[in-house]
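Trainee: Could we go through this one together, term by term? I would like to see how each label is earned.
Mentor: Gladly; here it is.

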There are 2 protein chains.
Amino acid sequence: MKLKRSSRLVDITSYLLQHPHQLISLSFFSDRYESAKSSISEDLAIVKDNFESMGLGRLETLAGAAGGVTYIPCMGGPEAERLLDRLKEELTEKDRLLPGGYLFMTDILGRPEYVNAIGRLIASVYIDEHIDTIMTMETKGIPLAFAVASQRNVPVVVVRRSSKVTEGSTVSINYISGSSKRIQTMVLPRRSLKENSRVLIVDDFMKAGGTMKGMMNLSEEFGAIVVGMAVFVEKEDEQKKLVDHYTSLLKLSITEQTSALKIEYGNVMSQFSNRDNRSGTIN
Amino acid sequence: MKLKRSSRLVDITSYLLQHPHQLISLSFFSDRYESAKSSISEDLAIVKDNFESMGLGRLETLAGAAGGVTYIPCMGGPEAERLLDRLKEELTEKDRLLPGGYLFMTDILGRPEYVNAIGRLIASVYIDEHIDTIMTMETKGIPLAFAVASQRNVPVVVVRRSSKVTEGSTVSINYISGSSKRIQTMVLPRRSLKENSRVLIVDDFMKAGGTMKGMMNLSEEFGAIVVGMAVFVEKEDEQKKLVDHYTSLLKLSITEQTSALKIEYGNVMSQFSNRDNRSGTIN
């Protein structure tokens with residue numbers, strides 16, 4: 001189907017947004033639109049300028065016969081701050097504090113616009129890491145893990161508390177919960193992870209970090225390599241966390257006597273600003 | 001920021017794709033680009049033609065002072081068939097049959113490109129229904145539910161098998177599992193659903209339909225209205241399903257003696273072809 005430039009721009013934009021982290025050859029687009037590669041190159045230059053000035057991410061071009069273009073989603077710094085500010089505001093609403101020092105976040109983690117934006121932010125932090133798989137623990141981490149995985153175009157594996165018939169054979173480990181000090185079990189289907197695969201762990205909430213550490217140990221059982229850990233909300237405690245080198249988007253602290261809760265930025269913005277992040281944003 | 005038409009087309013396309021089912025006013029775009037509304041209208045006509053000819057969905061325009069444009073994602077018939085054919089092929093690979101007549105689908109339901117496409121297909125079937133919330137049962141239905149919810153811009157509520165401290169107070173019901181005939185429990189946080197909200201139930205697998213029926217009953221406890229039920233794979237059984245009026249994408253049947261499995265289209269294509277679906281696709 002022969003298309004004019006204006007139509008090509010609409011189609012290239014939507015195609016790239018739906019196929020992140022995939023090298024798309026110039027030939028693919030030139031066949032798709034029956035257009036010369038030189039025209040496609042001009043189209044891509046326009047798309048690239050706009051993606052970068054709008055903070056949608058990078059468009060990396062590879063020259064040569066096997067060349068093409070890869071869309072790498074990335075959230076700009078100002079958009080990240082606006083997102084964290086909105087989330088802070090929602091989470092400090094009253095009636096969110098639950099027994100045991102937990103925070104009611106189920107409603108927020110049920111809203112795709114938040115979940116997808118959080119996924120884009122986490123993907124931006126690990127933009128320069130090679131990642132094969134996103135790992136999470138059932139249940140509330142799952143939407144976040146998929147949101148990151150969609151941006152990275154990699155699969156998700158879900159760790160469970162017990163094996164299910166629908167999972168086939170599984171590998172299980174015991175671990176000590178960081179806060180309750182009880183022995184718990186986590187399992188993962190045997191077919192889930194290949195040796196040497198590079199894993200990013202994503203979860204919704206971290207208290208002492210026992211579950212995170214369990215997932216690290218489980219990954220080791222498969223011979224996989226944990227390249228990073230990201231958590232939406234970490235709880236500030238007196239005790240030292242069982243893991244280090246993690247990314248947290250927000251940090252929750254609770255004053256025991258008054259049950260007053262405070263939510264601040266986690267360590268994400270400091271990790272974020274290390275990135276090459278020249279993109280501005282328009283509102 | 002003043003932008004040229006080519007840049008505006010890139011930005012409008014990405015903005016609409018990221019904000020489905022939301023009325024965006026012409027003023028929003030004309031302010032964003034410092035352009036006349038007449039120019040924006042021309043841009044939108046180009047975007048609309050392309051979205052519709054590429055099978056990305058509809059662009060509905062509302063005239064007048066409060067007017068604007070709403071992007072309604074929809075998968076075209078040919079793309080739906082290609083998706084189902086690929087999924088059929090993946091699912092008929094050997095080694096997928098598990099004890100108890102279950103199918104190993106964990107890997108496929110872990111891949112965002114499949115999950116997001118399945119979500120777009122389910123959203124297309126219910127394109128003309130008003131929907132407030134997507135409901136699913138933990139664990140494997142969650143990614144599918146979010147994929148549908150992202151297309152519809154509505155929240156997800158996750159039904160669980162037991163209450164968790166992180167959920168706050170809950171409403172629970174007992175139900176009879178359709179296949180094992182055992183009494184089971186399902187719970188949903190009290191804050192999850194408003195009265196009269198319109199619910200679409202989404203799940204990954206249905207045998208007799210006991211879980212689906214349980215979710216219907218649970219919705220009734222909240223005074224909510226179930227507008228539809230969609231399942232990725234239904235299992236063909238001798239016994240009649242406990243629910244009717246559901247959508248299934250694929251249908252699995254297993255010959256008991258030989259353990260041979262067969263996967264066919266579910267009822268989705270017949271429901272799909274009733275829709276106004278003039279969109280073609282380009283490859």
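**Cores, domains and copies**

Mentor: Let us start with Val148(A): setting aside neighbours within four places in sequence, Val148(A) is in contact with Gly119(A), Ile122(A), Ala123(A), Ile134(A), Leu200(A) and Val202(A). This is a predicted model, in which local features need pLDDT of at least 70 and side-chain atom pairs pLDDT 80 or more, while totals for chains, interfaces and linings use all residues. Residues are numbered from 1 along each chain as its sequence is written, and chains are lettered from A and ligands numbered from 1 in the order written.

Trainee: What makes Val148(A) and Leu200(A) a contact?
Mentor: Two residues are in contact if their C-beta atoms, placed from the backbone, lie within 7 Å. Leu200(A) is listed for Val148(A), so the pair meets that cut-off.

Trainee: Why is the set with Ile118(A) and Val148(A) called a nonpolar core?
Mentor: A nonpolar core is a set of buried Ala, Val, Leu, Ile, Met, Phe, Trp, Tyr and Cys residues joined through C-beta atoms within 7 Å. Buried requires 20 or more other C-beta atoms within 10 Å of a residue's own (exposed is 12 or fewer, partly exposed in between; C-beta atoms are placed from the backbone). The largest such core has 124 residues, and those with the most contacts inside it are Ile118(A), Val148(A), Ile118(B) and Val148(B). Another core, of 30 residues, lies apart from it and includes Leu26(B) and Phe29(B). Of the 283 residues of chain A, 44% count as buried.

Trainee: How do you know where domain 1 and domain 2 of chain A lie?
Mentor: The bounds come from an automatic or database domain assignment, which gives domain 1 (5-73) and domain 2 (77-273). Their centres, taken over C-alpha atoms, are 33 Å apart. In contact are 6 residues of domain 1 of chain A and 7 residues of domain 2 of chain A.

Trainee: How do you know how the two copies, chain A and chain B, are related?
Mentor: Copies are superposed by least squares on the C-alpha atoms of residues with pLDDT of at least 70 in both. A turn of 180 degrees and a shift of 0.0 Å along the axis lay chain A on chain B with an RMSD of 0.0 Å. The two copies are thus related as by a two-fold rotation axis.

Trainee: And what makes you say that the copies meet through the same surface?
Mentor: Each chain gives 47 residues to the contact. Of the interface residues of chain A, 100% are also interface residues in chain B, so the copies meet through the same surface.
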